[in-house]
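Hello,

Here is the structure I promised to pass on to you. Have a look at it first, and then read my notes below.

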Amino acid sequence: MKRDKLFAQASAALNALGINEELCVCPLCCTAYGKDALEARILTLEHVPPKSVNGREIVLTCRNCNNYAGSKYDHYLKLREDFESARRAILPGAGDGAGRFVLEAAGIKVNAHLVSEGNKKLFTMSPRHNHWKVMSAFQEHISKFGPGDQFNVTFSQRYSNRKARIADMKSAFLAVTAKFGFSFALNDELKSVRAQLLDVERNHFEPVTVACREMPRNKILLDERQGLVFIRFDRHVHVLPWVNHGSDNFEGHRARQFRSTASGKLFELPKSFEAGLDHSGMLKDYLRFTPPIDQ
């Protein structure tokens, strides 16, 4: 099974760091679990990015962390896709799109679906989402429209750009974790990132997204010289601190708005828990970490 394979890979990575027990550490809360956590379904498969946007299962996280992210912010990535499609649908010349909206005229509100293709825009109303009397009243009202008459259009779903960005950061963090291992994930320089992923209501670490069209999609760029790691899934390029550069390094780049040119080694996104840095032994002396055992 996939979970067994990922557990074995995580345990091997910890062994390479000198932790000679059969364990897997949740990279979000840093709690270590034995193999019995697999049977108890305490360790769960994590899609990176989330399953709703076609993510791949490459790392294990604990059930509590997975559930927290799923309920608090992961779903905002799909909502962002829906929002951007709806924006294209409603704005002139923005391209094809579709979305759900609330139409209002003369105090009458109906739920409608808009599809925009080329220069054509088609609103449809379904009895599944509206009372038939309200639909009839709305249709009767707009049938009398003349030049200059208008109705209001409102996007019908609640969307938080901040929570979508936190979900982006979680995907980026877990992708780099799967690529390089616990030497990255459990490092003190990522402490504020982990805190933000486990406490979305407070500000611990502001996610960073930069414009970088030159960076290929589905890649990780490691700039060790500047102490930065860049992750690109689709359109967005996310930036995280790299290890061994001090806690002030990243904030210094943030203050300069990440204007320096990034350069380094380009990696494919991981397809499993590769933990390349753990197995290289480069940080074995630097990372002194004894994970707490979950009882």
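**What I found**

Asn244 sits in the loop between β12 (237-241) and α9 (247-255). Please keep in mind that this is a predicted model. Although Asn244 is not a glycine, its phi is positive, at about 70°. Its relative accessibility is 38%, so Asn244 counts as partly exposed.

Another residue with a backbone angle to look at is Arg41, in the loop between α2 (36-39) and β3. Arg41 is not a glycine either, yet it has a positive phi of about 60°. Arg41 counts as partly exposed because its relative accessibility is 48%, which lies between the 20% and 50% cut-offs.

On to the interior. The largest nonpolar core holds 72 residues, and Phe173 and Phe184 have the most contacts inside it. Helix α6 (residues 161-180) supplies the largest share of this core, with 11 residues. A second core, separate from that one, has 10 residues, among them Ala89, Ala105, Val110 and Ala112. What does Phe184 touch, leaving aside its neighbours within four places in sequence? Its contacts are Phe173, Val176, Thr177, Leu190, Val229, Leu240, Pro241, Trp242 and Val243.

Next, a sheet. Four strands form an open sheet in the order β7-β6-β5-β8, and the pairing is antiparallel. At the edges are β7 (120-124) and β8 (152-155), each of which pairs on one side only. On average, neighbouring strands of this sheet are turned by 40° against each other, direction ignored. Between β6 (residues 108-117) and β7, which run antiparallel, there are five bridges. Leu114 is opposite Phe123 in β7.

Two helices go with these strands. Helix α4 (residues 76-90) lies across β5 (97-105), β6, β7 and β8, and runs at about 70° to β5. Helix α5 (residues 132-142) packs on the sheet and touches β5 and β6, with its direction at about 70° to that of β6.

Finally, the largest pocket has a volume of about 550 Å³. It is lined by 24 residues, and those closest to its centre are Pro49, Val53, Asn218, Phe233 and Asp234. The elements giving two or more residues to this lining are β4 (56-62), α4 and α6. Which of them gives the most to the lining? That is α4, with four residues.

Pro49 deserves a second look: a cis peptide bond joins Val48 to Pro49, with omega at about -15°. Pro49 lies in the loop between β3 (43-48) and β4.

Best wishes

Key
Residues are numbered from 1 along each chain as its sequence is written. This is a predicted model: local features need pLDDT of at least 70, side-chain atom pairs count only at pLDDT 80 or more; totals for chains, interfaces and linings use all residues. Side-chain values use heavy atoms; hydrogens and water are left out. A nonpolar core is a set of buried Ala, Val, Leu, Ile, Met, Phe, Trp, Tyr and Cys residues joined through side-chain atoms within 4.5 Å. Buried means under 20% relative accessible area, exposed over 50%, partly exposed in between (1.4 Å probe, protein chains only). Contact means heavy atoms within 4.5 Å. Two strands pair if DSSP finds at least two bridges between them. Axes are lines fitted to C-alpha atoms, for helices over the stretch in contact, and angles run from 0 to 180 degrees between N-to-C directions. On a 1 Å grid over the protein atoms alone, a cavity is a set of points where a 1.4 Å probe fits but cannot get out, and a pocket is an open set with protein on both sides within 12 Å along at least five of seven lines; lining residues have an atom within 4 Å of a point. Grid points are joined across faces, edges and corners, and a volume is the space filled by probe spheres set on the points.
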